[in-house]
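User: I would like a close look at the aromatic rings here and at the charged side chains around them. Please take me through it at an easy pace.
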Amino acid sequence: MKSNGADQRLKSPIYLSAILLAVFLGFCATNSFAAAYNVREYGAKADGTNNDTAAIQAAVDACNQAGGGEVMVPAGNYFCGKIVLKSNVTLDLENGATIWESGNILDFDKNPPKGKHGYLFVADGQENIVICGDGKITGTGQGDLGRREDENKTRLPDHRFGIVDFKNCNNVRLRDFQILDSEAHAVLFDECGDVFVDGISIINNFLRINTDGIDPTSCTNVFISNCHIVAGDDCICPKTEDGIPLENLVVNNCVLESIAGAVKLGTGSSGDFRDIKVSNCVIRNSGVGLGLFIKDGGTVERVSFSNISIETTRPDEPINSRLRNNIIPIYIDLTKRDPDSPVSRVRDISFNNIQIASDNSIVIEGLPEQPIENLTLRDITFRASGAFDFSQRTKREGGHSTYRDENRTLYVRQPTWCALAHVNGCVIDNLRVSVDESVSKQFPRSALAIFGSKDVTVKNVARITTGDDAGPPVIDLDNCGQVLVIGCTIPSRAATFLEVAGKNSRDINLMSNDLKNAGREIIQDKNVPSNAVNFNLSL
């Protein structure tokens with residue numbers, strides 16, 4: 001009877017499932033145990049003084065040669081130079097583990113040429129690489145460099161030291177750990193695919209040049225989320241090189257602080273940028289909040305920024321005058337790097353639900369021969385946070401360039417809080433600029449000024465002041481055509497609503513605007529054709 005009972009149990013689906021589950025769990029436990037490689041068992045001292053590079057490299061090599069697994073870095077202080085990561089290896093920095101990067105270039109290259117950079121973790125042509133855990137990586141970039149007024153001519157070190165440099169890798173994941181004081185670019189991805197960066201923090205010296213956060217170059221399928229980055233250069237800086245595109249980049253839920261650009265596309269832009277989405281981010285204390293620096297011939301298209309707050313660099317930061325005079329909350333610069341550089345294209349770009357606090361204006365400019373195409377600014381709230389003199393302001397170059405023209409200063413110095421130049425196909429919908437009366441009296445500026453553009457819709461644009469608004473017109477149009485101004489109001493009394501200038505002005509129409517608080521609806525300069533403006537459609 002007992003035998004029959006046993007037979008019945010063996011035939012039971014539930015009983016068989018339980019046996020199979022137990023076997024599977026046992027296999028996983030055995031396999032997991034076999035696939036864990038503790039760096040202490042390979043000779044790492046973790047005392048902060050002995051060089052543990054060879055021990056960690058040995059653990060990585062053993063893990064890779066066995067087909068993959070997890071390299072464990074337990075609590076302790078590990079002093080290291082270059083470590084080459086390999087396919088199917090997960091490097092787990094456990095809670096309490098800190099890797100201290102060497103500042104000796106010989107720990108990265110035995111015969112380094114001048115200018116050679118050292119990176120702590122490198123990989124080339126590998127796949128399925130993970131760096132994760134609650135541990136820390138500390139670089140050598142604690143001191144200020146090249147950002148204060150008295151450091152303008154400071155000589156850069158012969159060798160710089162970053163943290164991660166992956167080339168031609170696929171399925172890469174960085175998760176949860178901290179990077180502190182990277183001496184150069186913290187994380188580089190070059191021609192990589194399926195890159196996931198989630199929940200890491202990179203806290204570099206805000207006053208140290210070239211200390212970027214994350215720079216993906218000519219990569220595909222890159223996801224950056226839930227990160228906190230402070231950088232003495234750009235926080236997140238996608239680029240393209242050698243004509244190879246960057247495609248499918250998603251950035252969300254990040255807090256960013258940059259002396260340069262919080263999110264910056266370019267300046268390396270010889271390849272195309274396609275399908276880029278940046279959303280739900282907080283940008284604070286940054287020189288450029290959102291920027292496109294395009295100058296090498298590539299096309300930028302299908303890019304959107306949404307649900308983002310931007311605070312530009314605070315007045316009390318001890319930065320040099322060059323940086324102080326090119327602060328721009330939203331910036332698109334379509335130009336050429338050198339006089340003979342190919343001309344790029346920028347098209348299908350949108351900014352939606354952006355809140356700005358800044359004492360400097362938005363600047364978006366294309367080229368007369370190659371305007372920006374199809375631009376949308378929707379639900380933009382701009383609070384002018386202080387009085388700043390634009391008279392010494394210049395465009396932010398963002399990299400080496402020899403091309404110079406009047407545009408270097410022309411539009412950034414305009415008396416406006418939002419300057420757009422050479423844009424074909426543009427919608428500005430719900431732009432609200434709030435200006436304290438003391439600021440507007442010291443530096444009277446329009447809410448919006450558009451230059452040399454056509455096919456433009458301006459809807460629900462307002463300048464809001466704390467007193468009577470006796471400054472310049474709310475909107476300036478200079479040599480623009482095919483313009484519809486609709487649904488605008490003037491919350492407080494203003495001298496003029498719209499000023500139109502330029503002999504190429506044409507087909508400018510006003511419709512359903514509430515202008516009862518305007519002293520005058522429109523001013524036209526003498527060069528404007530007599531039939532250029534139709535202002536009989538106001539409410």
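Analyst:
**Rings, charges and a buried arginine**

Let's begin with a charge and a ring: K264 sits over the face of F293, 4.9 Å from the ring centre. Please keep in mind that this is a predicted model.

A second charge of this kind belongs to R173, which lies over the face of F196 at 4.3 Å from the centre of the ring. F196 also leads us to the ring pairs. Across the whole structure, a search turns up 8 aromatic pairs. One of them joins F196 to F223; the two rings are stacked, with 5.0 Å from centre to centre and 10 degrees between their planes. F196 belongs to strand β15 (residues 193-198) and F223 to strand β18 (residues 220-225), so this pair ties together parts that are 27 residues apart in sequence. How buried or exposed is each partner? F196 has a relative accessible area of 27%, so F196 is partly exposed. F223, at 33% relative accessibility, counts as partly exposed too.

Now for another pair, F390 and W417: the ring centres are 6.2 Å apart and the planes meet at 80 degrees, so the arrangement is edge-to-face. F390 and W417 lie in the loop between β29 (372-384) and β30 (418-421), and their pairing ties together parts that are 27 residues apart in sequence. Both F390 and W417 are buried. There is a third member to add here, because ring pairs, as centres within 6.5 Å define them, link F382, F390 and W417 into a cluster.

Finally, here is an arginine worth a visit: R160. You will find R160 in the loop between β10 (136-138) and β11 (161-167). Is R160 buried or exposed? Its relative accessibility is 3%, and buried means under 20%, so R160 counts as buried. What does the side chain of R160 meet there? One partner is E183, whose side chain is joined to that of R160 by a polar contact of 2.7 Å. Another is N210, where a side-chain to side-chain polar contact with R160 spans 3.0 Å. Setting aside neighbours within four places in sequence, R160 touches K116, H117 and G118, then L145, then E183 and A184, and lastly R208, I209 and N210. E183 and N210, the polar partners of the R160 side chain, thus appear in that contact list as well.

How values were computed:
Residues are numbered from 1 along each chain as its sequence is written. This is a predicted model: local features need pLDDT of at least 70, side-chain atom pairs count only at pLDDT 80 or more; totals for chains, interfaces and linings use all residues. Side-chain values use heavy atoms; hydrogens and water are left out. Helices (H or I, at least four residues) and strands (E, at least two) are DSSP runs, numbered from the N terminus. Buried means under 20% relative accessible area, exposed over 50%, partly exposed in between (1.4 Å probe, protein chains only). A polar contact is a pair of N or O atoms within 3.5 Å; within protein, one must be able to donate a hydrogen and the other to accept it, and residues adjacent in sequence count only if both atoms are side-chain atoms. Contact means heavy atoms within 4.5 Å. Rings of Phe, Tyr and Trp (its six-membered ring) pair if their centres lie within 6.5 Å; planes under 30 degrees apart count as stacked, over 60 as edge-to-face and the rest as tilted. A charge sits over a ring if NZ of Lys or CZ of Arg is within 6 Å of the ring centre and within 35 degrees of the ring normal.
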